[in-house]
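Here is a short set of questions and answers on a protein with a bound ligand. Please keep the structure open while you read.

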Amino acid sequence: DKFREGLTKTRDNFTTKMNDLVARYRTVDEDFFEELEEILFEADVGFETIVKLIDELKMEVRRQNIKDTKDIRGVISKKLVEIYQGDDDEENALLQLQEDELTVILFVGVNGVGKTTTIGKLAHQFKEDGKKVMLAAGDTFRAGAIEQLEVWGQRVGVDVIKHGEGADPAAVMYDAVQSAKAKKADILICDTAGRLQNKVNLMKELEKVKKVIERELPGAPQEVLLALDATTGQNALTQAKIFKEATNVTGIVLTKLDGTAKGGIVLAIKQELGIPVKFVGLGEKMDDLQPFDAEKYVYGLFA
Ligand code: GDP
């Protein structure tokens with residue numbers, strides 16, 4: 001099970017600490033909750049989520065009259081799933097793919113987070129599903145970005161629409177949408193520049209790119225996915241806030257979850273930003289991208 005495997009580091013970290021906690025405190029008391037808070041905090045679960053969880057746990061412990069710490073694990077997982085899911089309906093968590101029409105997915109995110117890799121992985125998945133996929137090389141700024149996307153295009157076997165380095169990304173998008181329409185592609189995945197040094201420029205560029213896509217294909221982009229690197233912890237959260245201001249992010253792809261023991265960041269993102277995590281990256285290979293499933297995730301950590 002790829003999902004489980006990819007969470008090994010986080011699970012080992014959680015499980016070891018939880019086992020230790022339960023062994024040391026046999027009865028549920030204030031000190032137990034304090035240490036539990038600490039464990040969650042160290043796993044990047046996020047302040048708001050922790051406060052909410054601990055409140056609800058205390059209520060539940062009282063309601064069910066739970067005394068023994070070993071009986072509390074199940075309650076923790078159940079509450080975490082509830083907190084993550086909030087009052088979302090299931091459908092919200094899936095990608096909004098058009099039935100017999102072109103769907104455009106715009107990828108945003110800072111350089112180095114794994115955006116290009118994720119685009120390649122996603123293109124591969126769609127292709128496996130029998131879809132006609134095209135890529136747009138919208139990062140005309142970073143040296144090598146276009147070539148890197150082309151490498152993925154060749155690996156996966158999909159066309160890449162590109163201009164030269166330094167070209168206007170909006171012009172690339174225009175061509176890409178026209179070309180995808182003409183070739184009757186099902187899905188066009190667009191890369192964008194990820195330099196955060198100049199926030200205002202980045203926002204302007206994203207806005208412009210998005211406008212061109214909207215103009216050339218009403219209703220598009222159907223998804224704006226933000227790639228965030230799980231290993232950067234609270235930095236990822238800061239980045240997400242910036243991109244959320246710049247554009248309407250519809251979902252998050254949390255990359256490199258396999259590389260961190262602090263997988264709790266998933267919960268923090270959802271709670272603090274209200275944006276669903278749609279996929280998680282669990283390795284560098286083509287098939288190391290998995291749809292995010294809150295239940296599987298939380299139970300995987302605490303089971
Ligand atoms: P970009 O600058 O955002 O386009 O980032 P890249 O796609 O070039 O990825 C940066 C590095 O992260 C590369 O070495 C990737 O192989 C690696 N990477 C991307 N996603 C994952 C992941 O889910 N897990 C691991 N372990 N590495 C990843």
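The turns below go from the ligand to the core and then to the backbone.

This is a predicted model, in which local features need pLDDT of at least 70, side-chain atom pairs count only at pLDDT 80 or more, and totals for chains, interfaces and linings use all residues. Residues are numbered from 1 along each chain as its sequence is written, and side-chain values use heavy atoms, with hydrogens and water left out.

Q: Which of the residues around the ligand come nearest?
A: A residue is near the ligand if one of its heavy atoms lies within 4 Å of it. The shell holds 17 residues. Those that come nearest are G112, T116, T117, Q148 and E284.

Q: How far is an oxygen atom of the ligand from an N or O atom in the side chain of E284?
A: A polar contact here is a pair of N or O atoms within 3.5 Å. A backbone N or O atom of G114 lies 2.9 Å from a ligand oxygen. For a polar backbone atom of K256 the distance is 3.0 Å. For the side chain of E284 it is 2.6 Å.

Q: Which helix gives the largest share of the shell around the ligand?
A: Helices are DSSP runs of H or I with at least four residues, and strands are runs of E with at least two, numbered from the N terminus. Four shell residues come from one helix, spanning residues 115–128. That is helix 6.

Q: Which residues touch the most other members of the largest nonpolar core?
A: A nonpolar core is a set of buried (under 20% relative accessible area, 1.4 Å probe, protein chains only) Ala, Val, Leu, Ile, Met, Phe, Trp, Tyr and Cys residues joined through side-chain atoms within 4.5 Å. The largest has 83 residues. The ones touching the most other members are L36, L188 and L254.

Q: Is K184 buried or exposed?
A: K184 sits in the loop between helix 8 and strand 4 (187–190). Its phi is positive, about 55 degrees, although K184 is not a glycine. Exposed means over 50% relative accessible area. K184 has 67%, so it is exposed.

Q: Why does K256 count as partly exposed?
A: K256 lies in the loop between strand 6 (251–255) and helix 11 (265–273). Partly exposed covers the range between under 20% and over 50%. K256 counts as partly exposed because its relative accessibility is 32%.

Q: What is omega for the peptide bond from A220 to P221?
A: Most peptide bonds are trans. The bond from A220 to P221 is cis. P221 lies in the loop between helix 9 (199–216) and strand 5 (223–229). Omega is near -10 degrees.

Notes:
A polar contact is a pair of N or O atoms within 3.5 Å; within protein, one must be able to donate a hydrogen and the other to accept it, and residues adjacent in sequence count only if both atoms are side-chain atoms.
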